[in-house]
Amino acid sequence: MDSVRAGLATYRRVVEQIKDEIRSGARQPGDRLPGNRRLAEDFGVSLGTAQKALRVLQDEGWVVTTPAVGVFVAADRPSDPIHDLDDLRAEVQQLRRITDDLGARLDRIEGNTQGRG
């Protein structure tokens, strides 16, 4: 378990592990998740913890529940703040490069103008 997850509540660690499995493709849209008892056994948590984790995943849009059938990975993955943040960081870096380039161009233009005056 990584140090970031060590401080999370037990149900949240289960939630994050399942999200990681979905992100990585280990669990595909439409895949059925194990039942509550099996999930609790697989993660070494109580039944209540497993149920809470599944409720959170459903509330966040990662899974869908069909009564008397099971819990399935949602067809459409919800917006993922972690990946959204990575995308935002990449955009900020790109904007910094553009800004630096424009600043250098402006400096050259101003240098050329000052030399004439």
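A residue counts as buried when its relative accessible area is under 20%. The legends below use the term in that sense and refer to a predicted model.

**Figure 1. Overview of the predicted chain and its order of secondary structure elements.** The chain contains 5 helices and 2 strands. Along the sequence, these elements follow the pattern α-α-α-α-β-β-α. Of the 117 residues in the chain, 26% are buried. The accessible surface amounts to about 8,200 Å², and carbon and sulfur atoms contribute 50% of that area. Among contacts with a separation of 6 or more, 47% join residues 24 or more positions apart.

**Figure 2. Close-up of the packing of helix α2 against helix α4.** Helix α2 spans residues 10–24, and helix α4 spans residues 47–59. The axes of α2 and α4 lie 8 Å apart and form an angle of about 55°. Because this angle falls outside the ranges for roughly parallel, roughly perpendicular and roughly antiparallel pairs, α2 is oblique to α4. The two helices, α2 and α4, make a right-handed crossing. On the α2 side, the contact is formed by Thr10, Tyr11, Arg12, Val14, Val15, Ile18 and Lys19; on the α4 side, by Thr49, Lys52, Ala53, Val56 and Leu57. Sorted by class, the contact of α2 with α4 comprises 7 nonpolar, 2 polar and 3 charged residues.

**Figure 3. Close-up of Ala53, a buried residue of helix α4.** Ala53 is located in helix α4. Its relative accessibility is 0%, so Ala53 counts as buried. Leaving aside residues up to four places away in sequence, Ala53 touches Tyr11, Val14 and Val15. Tyr11, Val14 and Val15 are also among the α2 residues that meet α4. Ala53 and Arg13 are separated by 40 residues in sequence, while their C-alpha atoms are 8.5 Å apart in space.

**Figure 4. Close-up of the packing of helix α3 against helix α4.** Helix α3 covers residues 36–43 and packs against α4 at an angle of about 105°, with the two axes 8 Å apart. Since angles of 65 to 115 degrees count as roughly perpendicular, α3 is roughly perpendicular to α4. Asn36, Arg37, Leu39 and Ala40 represent α3 in this contact, and they meet Leu47, Ala50, Gln51 and Leu54 of α4. By class, the contact of α3 with α4 consists of 5 nonpolar, 2 polar and 1 charged residues.

Notes: Residues are numbered from 1 along each chain as its sequence is written. This is a predicted model: local features need pLDDT of at least 70, side-chain atom pairs count only at pLDDT 80 or more; totals for chains, interfaces and linings use all residues. Side-chain values use heavy atoms; hydrogens and water are left out. Axes are lines fitted to C-alpha atoms, for helices over the stretch in contact, and angles run from 0 to 180 degrees between N-to-C directions. Helices (H or I, at least four residues) and strands (E, at least two) are DSSP runs, numbered from the N terminus. Angles under 35 degrees count as roughly parallel, over 145 as roughly antiparallel, 65 to 115 as roughly perpendicular and the rest as oblique. Contact means heavy atoms within 4.5 Å. Ala, Val, Leu, Ile, Met, Phe, Trp, Tyr, Cys and Pro count as nonpolar, Asp, Glu, Lys and Arg as charged, and the others, Gly among them, as polar. Buried means under 20% relative accessible area, exposed over 50%, partly exposed in between (1.4 Å probe, protein chains only). Accessible areas come from the Shrake-Rupley method with a 1.4 Å probe; for residues, only the protein chains shown count as cover. A crossing is left-handed if the near helix is turned anticlockwise from the far one by less than a right angle, and right-handed if clockwise.
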